[in-house]
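Student: Could you go through this one with me? I'd like to start with a single residue and then move on to the helices and the charged pairs.

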Amino acid sequence: MLPAPLRLLRPGDWAKNVFVLVPLVFWLAGEGRGAQPEQIAEQLWNVALTVIAFSMAGSGFYAVNDALDFEEDRKHPTKRRRPVASGAVTPQFAITMGVALVIGSVAVAWCVRPAVLAVIGTYIVLQVAYNAKLKRVRLVDVLTVASGFVLRAIAGALALGIAVSTWLVVVVFALTLFLGFVKRLGDLRATDMARAQGDSTDWKPRAGYDSAEDLNWLLATTGAVTMMAYLVYALSDHARGIFGVRATGFALLAPLVFVVIHRLYLRANSGRAESPVTVVLSDRSARAASLLFAIGVLVVLFWPPAETALGTLFK
């Protein structure tokens, strides 16, 4: 097991910053195809710094959030094992580390572009509002979390100095809304299961998500919207204008997206979805589908024979 101070930063959740990388992949496959090695290296450096900045900011607010919520977390069957709630680190240490990381994230973002610094600043303001009040407001809490992921994608585009795609914003927002509700249902189901096994926990959802039926409706709605947004984008004139016939390959990968969404839904209902990242890494089907999707995207975008085959099949 990792040392408590490192667990406080939730390094596993740094994977969430993959949204910063999406514009880079699209840029390399589109207007960056003919870029010089020096330009590509500069773009990679800017995006890497942006990932680091968001990793620091995210970890900083995780630490602060754990320090503020440790008494409530002690009542939850799984959150009670977090470093502050378990007593492995003090709330004062967590807050100090968190503030230091947030300040550091601003310094790193300043080294990229002014636009990226502005996005990090917006993210910090959003997280302060979330920790102060919004995390206790039903629906608004998940909308706020999803907005944070959208800011990651926007920062990735701005780090490259390219325009922000409206489609990217829509798809990321829909997907992360779904992931937010996955976590809420997972927390609720885990508590219900613990009580059924004799645990006397009196933990209650801080934003009032006390109905599994309501959360299942929200999951069904946001899951359907995510699939719809993904497919509409893949088949849109916008995508075809950037990627040509390769955009059709995105649509062909849609079943893999469906598998991941379905597995997340099932794990949330079984109470085993404390973090969507953990689900993807631990669930065999979700892990395989995610890996195949990533490989499929790279093949479609960067392997010339795939473009030739798609052009032959789908004119």
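Student: Is Thr 226 buried or exposed?

Tutor: In this predicted model, Thr 226 has a relative accessible area of 3%, and because the cut-off for buried is under 20%, Thr 226 counts as buried.

Student: Which helix is Thr 226 found in? And what does it touch?

Tutor: Thr 226 is found in helix α8, and, leaving aside residues up to four places away in sequence, Thr 226 touches Ala 174, Leu 175, Phe 178 and Ile 261.

Student: OK, Ile 261. Which helix axes come within 11 Å of each other, and at roughly what angle do they cross?

Tutor: Those are the axes of helix α8, residues 212-234, and helix α11, residues 254-269, which come within 11 Å and cross at roughly 170°. Angles over 145 degrees count as roughly antiparallel, and α8 and α11 are therefore roughly antiparallel to each other. The crossing of α8 and α11 is right-handed.

Student: Which residues make that contact?

Tutor: On the α8 side the contact is made by Asn 216, Leu 219, Gly 223, Thr 226, Met 227, Tyr 230 and Leu 231, and on the α11 side by Ala 254, Val 257, Phe 258, Ile 261, Tyr 265 and Asn 269. Sorted by class, the contact of α8 with α11 has nine nonpolar residues, four polar ones and no charged ones.

Student: Switching to charges, then. How many salt bridges does the structure hold?

Tutor: The structure holds 11 salt bridges. As background, side chains of opposite charge can pair when their charged atoms come close. One of the pairs is Arg 138 with Asp 214, whose side chains meet in a salt bridge at 1.8 Å, N to O.

Student: Where do Arg 138 and Asp 214 sit along the chain?

Tutor: Arg 138 is in the loop between α5 (114-132) and α6 (140-160), while Asp 214 is in helix α8, and this pair links distant parts of the chain, 76 residues apart. Arg 138 is partly exposed, with a relative accessible area of 33%, and Asp 214 also counts as partly exposed, at 25% relative accessibility.

Student: Which residue does Arg 263 pair with?

Tutor: The side chain of Arg 263 meets that of Asp 283 in a salt bridge, with an N to O distance of 2.7 Å. Arg 263 lies in helix α11 and Asp 283 in the loop between α12 (276-282) and α13 (284-302), so the pair ties together parts that are 20 residues apart in sequence.

Student: Are those two buried or partly exposed?

Tutor: Arg 263 counts as partly exposed at 22% relative accessibility, whereas Asp 283 is buried, with a relative accessible area of 4%.

Student: And what about Lys 16 and Asp 13, buried or exposed?

Tutor: Both Lys 16 and Asp 13 are buried, and their side chains meet in a salt bridge at 3.6 Å, N to O.

Student: Which residues are linked in a network of salt bridges?

Tutor: Arg 10, Asp 66 and Arg 82 are linked in such a network.

Student: Back to helices. How do α2 and α6 cross?

Tutor: The axes of helix α2, residues 18-29, and α6 come within 6 Å and cross at roughly 40°. That makes α2 oblique to α6, and the crossing of α2 and α6 is right-handed. The contact is made by Phe 19, Val 20, Pro 23, Leu 24 and Trp 27 of α2, together with Phe 149, Arg 152, Ala 153, Gly 156, Ala 157 and Leu 160 of α6. By class, the residues of the contact of α2 with α6 divide into nine nonpolar, one polar and one charged.

Student: What about α3 and α6, how do their axes cross?

Tutor: The axes of helix α3, residues 37-73, and α6 come within 8 Å and cross at roughly 150°, which makes α3 roughly antiparallel to α6. α3 passes α6 in a right-handed crossing.

Student: Which residues of α3 and α6 make the contact?

Tutor: From α3 they are Gln 43, Asn 46, Val 47, Thr 50 and Phe 54, and from α6 they are Leu 151, Arg 152, Ala 155, Gly 156, Ala 159 and Leu 160. The residues of the contact of α3 with α6 divide into six nonpolar, four polar and one charged.

How values were computed:
Residues numbered from 1 in each chain as written. Predicted model: local features only at pLDDT ≥ 70, side-chain atom pairs only at ≥ 80, totals over all residues. Heavy atoms only, no water. Axes fitted to C-alpha atoms, helices over the stretch in contact; angles between N-to-C directions. Helix = DSSP H or I, 4+ residues; strand = E, 2+ residues; numbered from the N terminus. Parallel < 35°, antiparallel > 145°, perpendicular 65-115°, else oblique. Left-handed = near helix turned anticlockwise from the far one by under 90°. Contact = heavy atoms within 4.5 Å. Nonpolar A, V, L, I, M, F, W, Y, C, P; charged D, E, K, R; others polar. Salt bridge = Lys/Arg side-chain N within 4 Å of Asp/Glu carboxyl O. Buried < 20%, exposed > 50% of the residue type's maximum accessible area, 1.4 Å probe, protein only.
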